[in-house]
Amino acid sequence: MTEAEHPLDQFLRADRLPHIWCPGCGIGIAMRCLVLALEELGRPLDRVVVVSGIGCSARVAGYVRLDGFHTTHGRAIPFATGLKLANPDLTVIVFSGDGDLAAIGGNHLIHAARRNLDLTVICVNNFIYGMTGGQFGPTTPLSARSTTTPYGNFEPPFNLMALVAASGAVYVARWTVFHVRRLITAFQEAIAKKGFSFVEVLSPCPTGYLRRNKLGEAVDMMRYFKANSEIRHGADPAEVGIEMGGKLILGKFVDLERPTYQERMRQQLAAFFVEPYVEKVSEEVEAEEVES
Amino acid sequence: MKRGPAVLTGVHFFNGDVACAEGALAAGCRFFAGYPITPATEIAERMAERLPEVGGTFIQMEDEIASLSAVLGASWAGVKAMTATSGPGFSLMMENLGFGYMTETPCVIVNVQRGGPSTGLPTLVGQGDMMQARWGSHGDYETIVLAPSSAQEMFDLTVTAFNLSERYRLPVLILSDAVIGHITERVIIPPEEEITIVNRKKFTGPREAYLPYLPEEDLVPPMVAAGEGYRVYITGLTHDERGYPSTSPEVQERLVRRLAEKIWRNARDIIRLEERGIEDAEVVLVAYGISARVAYRAMELARAAGRRVGWLRLITVWPFPEERIRDLATRVRAFVVPELNLGQIVREVERCAAGRARTIPVLRPGGAVHDPREILTVIEEVFHD
Ligand SMILES: Cc1ncc(C[n+]2csc(CCOP(=O)(O)OP(=O)(O)O)c2C)c(N)n1
Ligand code: SF4
């Protein structure tokens with residue numbers, strides 16, 4: 001008996017299976033949505049690069065059959081910055097966890113948004129540090145239990161939507177792994193968007209978060225995502241913070257135009273340099289070059 | 001304004017930092033990411049001015065961790081890339097430095113050393129990062145470290161550093177110091193065609209045939225860049241020849257040994273030394289960077305007093321020239337090692353001398369270079385013993 005080829009095989013490194021994720025983990029769904037988004041988007045896949053830091057979510061860079069870079073904890077964004085600036089033809093997608101991007105990598109996150117680098121950042125927010133076994137992180141809701149908040153979390157979490165919007169991201173959206181169709185669309189829009197786009201993906205971590213907080217199984221979290229989500233496109237990012245057991249505001253909160261880092265650089269340098277910063281070399285200069 | 005030349009052929013008066021930037025451009029560096037810190041800032045400033053002229057990219061990052069990350073990313077985009085810093089920034093780079101060795105990413109990191117520890121002496125000289133350069137990142141690895149002694153060498157050795165990093169696929173470090181970074185001297189930049197440039201071995205075969213970490217005979221695997229269609233997976237985790245993570249002790253053994261062996265086996269090609277008066281020497285001064293220049297003066301004074309003193313300058317500090325020191329140890333009375341730290345490279349000299357010759361440190365924790373007479377006094381003591 002030959003195993004039938006899965007239609008997504010061309011996108012995945014099947015020879016790396018089985019993956020490391022726990023049963024019920026939402027990261028696989030988010031990865032699948034990324035792959036489907038890329039399939040529909042029709043970008044030349046040889047030029048798509050996935051960069052990650054460290055964590056369960058970061059393993060996606062090694063499961064997709066694309067150029068993948070599994071870098072150091074928190075440093076996916078600056079690594080992606082170097083890749084993108086050195087070769088602007090690449091489509092660079094950062095795919096990592098909330099701890100990776102917002103705790104250890106928090107400074108890079110806000111500066112990349114400020115610069116409006118043409119990157120797509122996908123942040124799997126499972127409210128916890130999954131890979132290290134369930135410690136609290138910068139998105140853990142108040143009063144939630146974790147291995148390092150045995151009496152409940154008393155650090156206010158980041159509202160990532162407000163953080164990146166205030167820092168200058170041009171596309172800011174949040175969905176859950178229950179909202180698969182919406183998620184695929186958001187990924188497509190974010191990738192197609194010129195500039196710094198950020199998609200937060202709420203995802204269950206049964207092993208590190210749900211069990212310790214007596215929130216049931218992954219399927220209970222999916223039910224929660226379904227029952228407690230409210231789609232409010234264009235909502236003020238400052239007003240979409242997440243509370244434990246509270247309502248989840250989803251949608252596309254920011255979608256605007258702003259020159260990218262490279263556009264501003266070209267524009268600024270164009271006054272000083274011809275080639276390669278302006279597409280059209282003036283006739284005068286061209287004539288001069290022909291003579292010399 | 002038109003684009004400027006990448007190689008500024010001619011005779012210049014440059015400080016060491018500017019010479020370093022020009023060396024990088026001449027070597028083909030087209031990406032610089034950095035964060036300002038004295039006494040390395042002029043390298044970034046020069047690159048900010050010059051890179052746009054040659055179609056390259058300069059970015060000032062939010063810190064040194066980000067700077068080295070961006071440099072590694074740029075290298076994987078197929079571009080020669082560099083960053084420059086001083087002690088505190090160098091400390092911040094350590095984790096990503098390890099990532100660079102593990103993923104075999106060519107790039108150049110310049111550390112214009114100042115007095116430490118911590119913020120130490122921002123504008124004053126030090127050589128206290130010699131061991132951090134060797135052992136600063138976690139795990140086992142081998143590195144290449146060059147120590148320039150003049151503004152001219154800031155140019156020359158920056159070219160060499162790029163060539164070695166491309167040749168052996170690893171981050172190469174330049175450990176300069178505040179004096180060499182800031183000293184303004186004559187720098188001769190040769191015509192472009194006289195500058196040797198080495199580029200990384202590229203794989204050009206079919207995608208199915210490519211294994212990103214399958215080494216060739218020289219233990220260096222050919223490289224590809226992101227976007228070339230090879231769909232590579234590059235991870236800092238221990239990985240097999242496909243680049244896939246593995247937790248097997250055998251894979252660890254094979255990979256980590258190869259990373260070390262590619263340097264050990266090629267040590268003769270990598271190591272560069274400068275020697276004077278070694279033939280008849282009873283005492284040999286071993287030094288590097290600015291201290292080597294002071295030591296040279298000490299040798300001249302000793303020779304004038306009729307003492308048979310030689311001088312050995314480490315241009316390559318790591319890998320350490322073990323063979324040469326071992327060999328000399330059998331025929332000299334003592335090594336005298338002046339350093340601007342409380343004893344780092346002197347330990348290596350002592351280890352290689354293995355009791356066959358005395359090893360005498362002359363140490364200062366930075367702030368000012370030695371007075372040659374300090375070194376002379378120590379030399380005299382050997383002859384009086
Ligand atoms: C510098 C450094 N510090 C700490 C760690 C340990 N570590 C690995 S993954 C991780 C947290 C990951 O959490 P998150 O980014 O939320 O990803 P998840 O596993 O939840 O998907 C930490 C702290 C590390 N690898 N490197
Ligand atoms: S620990 Fe949590 S995030 Fe990590 S694989 Fe398991 S369920 Fe997923």
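How do the residues of the lining of the largest cavity divide into nonpolar, polar and charged? In this predicted model, in which local features need pLDDT of at least 70, side-chain atom pairs count only at pLDDT 80 or more, and totals for chains, interfaces and linings use all residues, side-chain values use heavy atoms, with hydrogens and water left out. Residues are numbered from 1 along each chain as its sequence is written, while chains are lettered from A and ligands numbered from 1 in the order in which they are written.

The lining comprises four nonpolar, no polar and two charged residues (nonpolar: Ala, Val, Leu, Ile, Met, Phe, Trp, Tyr, Cys and Pro; charged: Asp, Glu, Lys and Arg; polar: the others, Gly among them). Tyr101(B), Tyr141(B), Glu142(B), Leu170(B), Leu259(B) and Lys262(B) line this cavity, a set of points on a 1 Å grid over the protein atoms alone where a 1.4 Å probe fits but cannot get out, with lining residues having an atom within 4 Å of a point.

Over all chains, 45 salt bridges are found, each a side-chain nitrogen of Lys or Arg within 4 Å of a carboxyl oxygen of Asp or Glu. In chain B, Glu22(B) pairs with Arg50(B) in a salt bridge, their closest N and O atoms being 2.8 Å apart. Glu22(B) is buried at 1% relative accessible area, and Arg50(B) is likewise buried at 3% (buried: under 20%; exposed: over 50%; partly exposed: in between; 1.4 Å probe, protein chains only).

A salt bridge in chain A joins Lys252(A) and Glu189(A) (3.4 Å, N to O). Lys252(A) is partly exposed at 24%.

How values were computed
On a 1 Å grid over the protein atoms alone, a cavity is a set of points where a 1.4 Å probe fits but cannot get out, and a pocket is an open set with protein on both sides within 12 Å along at least five of seven lines; lining residues have an atom within 4 Å of a point.
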